Amino acid sequence: MSIHTHDVIIVGGGPVGLTLAASLTRFVPGIGVAVIDRRAFAVPSDGRASALAAGVTRVFEALDLWPGLAEAANPIRHMRITDSGRGDISRPLFLSFDGEVAPGRPFAHMVPNTATIGGLLGALGDADLIAPTSVKTLERGRSAAVVTLEDGRRLSAPLVVAADGVRSQLREMAGIGVITHDYGQTGIVTTIGHELEHDDTAYEHFRPAGPFASLPLPGQRSSLVWAEDPSAARDYSAMDMEAVALAIEAVMGSSLGKVTLEAPVQLYPLRMQLARDFVADRLALIGDAAHVVHPVAGQGMNLGLKDVAALAEVVVEALRLGQDPGGADVLERYQRWRRFDTALMAMVTDTMTRLFSNDVAPLRAVRDLGLGVVDRLTPVKAAMIRQAAGIGGSTPKLLRGSGL
């Protein structure tokens, strides 16, 4: 069977893989990009949404996609952080964030996945979309890599990108190990409707079992992400939707009033996982294939799109200079750009999870004192917001809203 040649092959058609494909096809006319996915390419029908930091939204500005996404999104202009132990009646506010990272730019937006995927699917240019299928083998040679699909088709390119998730087949095929830690928690995700306006406010409530976050969606709706003991999470998934809504109300108190569930809860195990290398011969890892962090800071999707911005820039630069886009020097530039930032975020989220997911009274007193001190230090809070929003520093062009 003949081999179909491309410049870049991307395995994984989620938001991260599609954003890389859209970036390459937009800024390199005539580039040959193939995107392979296990499922057919389609706009999802569920109500899930992702928190996109201000710096990451600039990627979509550079792709001319942000106006459409912004219409469907809800800004996060305020954040309220509380802490409590088992049996506590009150939940004192220890830390709050308000304002914008720049005039007219909130520090984050909640963007429905339907809008993100829909916008990206319309921005892929002449990319070759291959689905539903999966990669059977990966062969990496001196000048190109060859992937063989389950249906027998063979594709070749100087660079293959693994955007195929936490259980990445390509990462395993390349023999790249991972550093992992199981938090012994299960993440619960759903969408709720609520009686009161959220006023563009995100709430994060630290509980002994793990953090509980509500993130504002358009209308009187919010996305919920919270960590629970695995057995308790299974109990929630077995309850009817009305019972789960009552349990959510009990956790949230009076912040949003009466709650209704708009979708059944979804469960997933929480872990920290970092690939020991982000690159190998002819292969680059992005998104969950490279790293998974605890959702306590809402940075999972943002880290993946930062990978896209860095990898797209080094690949586009190499192609314009007539260099090998999958060469070792090009891939090493990508790895240097992303490893420190990713490791730092993994450390921060891991520390937060360990510090707050307990009910040890002395530790609670120390952490709450620390939160209270930070809340009174306006410059420190401003710096924390800018860091979380991905603003400033030596960032790739796409994260500055610039073309490549």
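This section describes the overall composition of a predicted model, the packing of helix 1 on helix 4, and the surroundings of His-109. Local features require pLDDT of at least 70 and side-chain atom pairs pLDDT 80 or more, whereas totals for chains, interfaces and linings use all residues. Residues are numbered from 1 along each chain as its sequence is written, and side-chain values use heavy atoms, with hydrogens and water left out.

The protein chain contains 11 helices and 24 strands, taken as DSSP runs numbered from the N terminus (helices, H or I, at least four residues; strands, E, at least two). Of its 404 residues, 54% are buried (under 20% relative accessible area, 1.4 Å probe, protein chains only). Among contacts (heavy atoms within 4.5 Å) with a separation of 6 or more, 73% join residues 24 or more positions apart. The exposed area is about 17,200 Å², of which carbon and sulfur atoms supply 54% (Shrake-Rupley method, 1.4 Å probe).

Helix 1 (residues 15–27) packs with helix 4 (residues 113–121) at an angle of about 30 degrees, the axes lying 9 Å apart; axes are lines fitted to C-alpha atoms over the stretch in contact, and angles run from 0 to 180 degrees between N-to-C directions. The two helices are therefore roughly parallel (under 35 degrees). Pro-15, Leu-18, Thr-19 and Ala-22 of helix 1 meet Thr-116, Ile-117, Leu-120 and Leu-121 of helix 4.

His-109 is located in strand 10 (residues 108–112) and counts as buried because its relative accessibility is 12%. Residues up to four places away in sequence aside, His-109 touches Ser-50, Ala-51, Leu-52, Thr-57, Trp-66, Ala-73, Asn-74, Pro-75 and Ile-76.

Technical notes. Parallel < 35°, antiparallel > 145°, perpendicular 65-115°, else oblique. Buried < 20%, exposed > 50% of the residue type's maximum accessible area, 1.4 Å probe, protein only.
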